[in-house]
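Let's take a friendly walk through a protein fold, one piece at a time. Have the picture open as you read.

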Amino acid sequence: MSELEVPDPEARLAELGHPLPAAPQVAGLYLPATRAGDVVFTSGAIPMRDGALTMRGKVGADITIEQAQDAARVAVVNALASVAAETGSLRRIMRVIRLTGYVASAPGFIDQPQVMDAASQLLVDVFGDPGRSARSSVGVAELPLGAPVEIELVVLLR
Amino acid sequence: MSELEVPDPEARLAELGHPLPAAPQVAGLYLPATRAGDVVFTSGAIPMRDGALTMRGKVGADITIEQAQDAARVAVVNALASVAAETGSLRRIMRVIRLTGYVASAPGFIDQPQVMDAASQLLVDVFGDPGRSARSSVGVAELPLGAPVEIELVVLLR
Amino acid sequence: MSELEVPDPEARLAELGHPLPAAPQVAGLYLPATRAGDVVFTSGAIPMRDGALTMRGKVGADITIEQAQDAARVAVVNALASVAAETGSLRRIMRVIRLTGYVASAPGFIDQPQVMDAASQLLVDVFGDPGRSARSSVGVAELPLGAPVEIELVVLLR
């Protein structure tokens, strides 16, 4: 495949309305992502944009599924920004290996997978079939800063 | 070791009353399992059987430890089915690397490890010593569809 | 670099007031840590010392952030003891790849990262820059035995 035929994930993200941001700011004590051989592990990413959370609260109470899906898209894009910070470019990604999605869940909220579908859909829209990953969706009590979702990725590089 | 001496994990599962089911149905957006080199990561598996949860609710309130142990066995067998979907056969497993067990926990329920012991015991019964893994047991607020447990595996292939 | 110039993480831990304990006792069904190639995965470690939890309860209610930070330091040292049990020595660690920190959180407690900063700081104090990892901090409902924190590590060996 020539260079020109390789789809550019960053351009695709921008087309979809999600220009790749700078890597999430993390305290000096940890890193946005690390690498073991050709596998990259990201830190948990929350729906921060321009230094502030786009929304706060528990899904199923303060936050609807549709709003949480928006938050999941912002978070997964931040996780991709963390990968890019480690690798230089999203073109290095061969496939997404695992997505772990934590959803701050009000009592009785059990549609965590529906929330994470928005993140998985975005990964498929950007990377095609290699964007399909193993996935766990978990409903948790509280997330950092009151975030409704937190997403971490494991990706395989070419 | 000749082929005949290699224990057949699938036969062993059936002997133990847990015939390997088809891989868990997942929405088209993600996969039962993925692979990075010789390491397989599964999606979070819940106690689905024949398309329905075997039980729902919080452990320590609606669900007893014994019931939750049954659910953990069903879930870990589903996770193995996900590995088989990716690799073709459980014989490919060299060892189980990590089991993460999320337990939907009623307030004050702190016996998550006892629930996950049932899953670990089954892995040891099927694979012998290579079924012993690193393990984390975590008590969470809510799980998908109201499942009492969710289990994900990382396994190493031969 | 000669052997003498290689910093000794175990000596550094002792200087910092955290002599490396024996690996956490785990039931025979699982292991303190496992290895896939040059990557080690630990079991979830809780703040056990001499066979008992150093504290119990929910952070933000029974337990202050400062107390939880103490617990996080004890837990991460136990996770390092698990790595040493698998590898023979902490000198084998090339870098810390990922820290996952579960914090048993009272309703409304959203400072999980501040709790985990204590664990990250200790890793940096012991290993220097290679102690900086990808990190996820998650607030959960309940942890084993009533532990306020549980920490798991993924590390890369030389």
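This report looks at a sheet, the helices beside it and a contact between chains. Keep in mind that the model is predicted.

**The sheet of chain A**

Chain A holds an open sheet of 5 strands with mixed pairing, in the order β1-β2-β7-β5-β6. At its edges are β1 (33-36) and β6 (134-140) of chain A, each of which pairs on one side only. From one strand to the next, the twist averages 15 degrees.

Try finding β2 (residues 39-42) and β7 (residues 149-157) of chain A: they run antiparallel and are joined by 3 bridges. Here V39(A) stands opposite L156(A) in β7(A).

**The helices on the sheet**

Two helices of chain A meet these strands, as the table shows.

| Helix | Strands met | Angle |
|---|---|---|
| α2(A), residues 65-87 | β1, β2, β5 and β7 of chain A | about 40 degrees to β7(A) |
| α3(A), residues 112-127 | β5, β6 and β7 of chain A | about 160 degrees with β5(A) |

How far apart should the ends of α2(A) be? The helix has 23 residues, so at 1.5 Å a residue it should span 33 Å, and its end C-alpha atoms are indeed 33 Å apart. After α2(A) comes G88(A), with a positive phi near 95 degrees.

**Where chain B touches chain C**

This contact takes 25 residues from chain B and 21 residues from chain C. On the chain B side, β6(B) gives the most, with 7 residues. By class, that side has 12 nonpolar, 8 polar and 5 charged residues.

How values were computed: Residues numbered from 1 in each chain as written. Chains lettered and ligands numbered in written order. Predicted model: local features only at pLDDT ≥ 70, side-chain atom pairs only at ≥ 80, totals over all residues. Pairing = 2+ DSSP bridges. Helix = DSSP H or I, 4+ residues; strand = E, 2+ residues; numbered from the N terminus. Axes fitted to C-alpha atoms, helices over the stretch in contact; angles between N-to-C directions. Contact = placed C-beta atoms within 7 Å. Expected span 1.5 Å × (residues − 1). Nonpolar A, V, L, I, M, F, W, Y, C, P; charged D, E, K, R; others polar.
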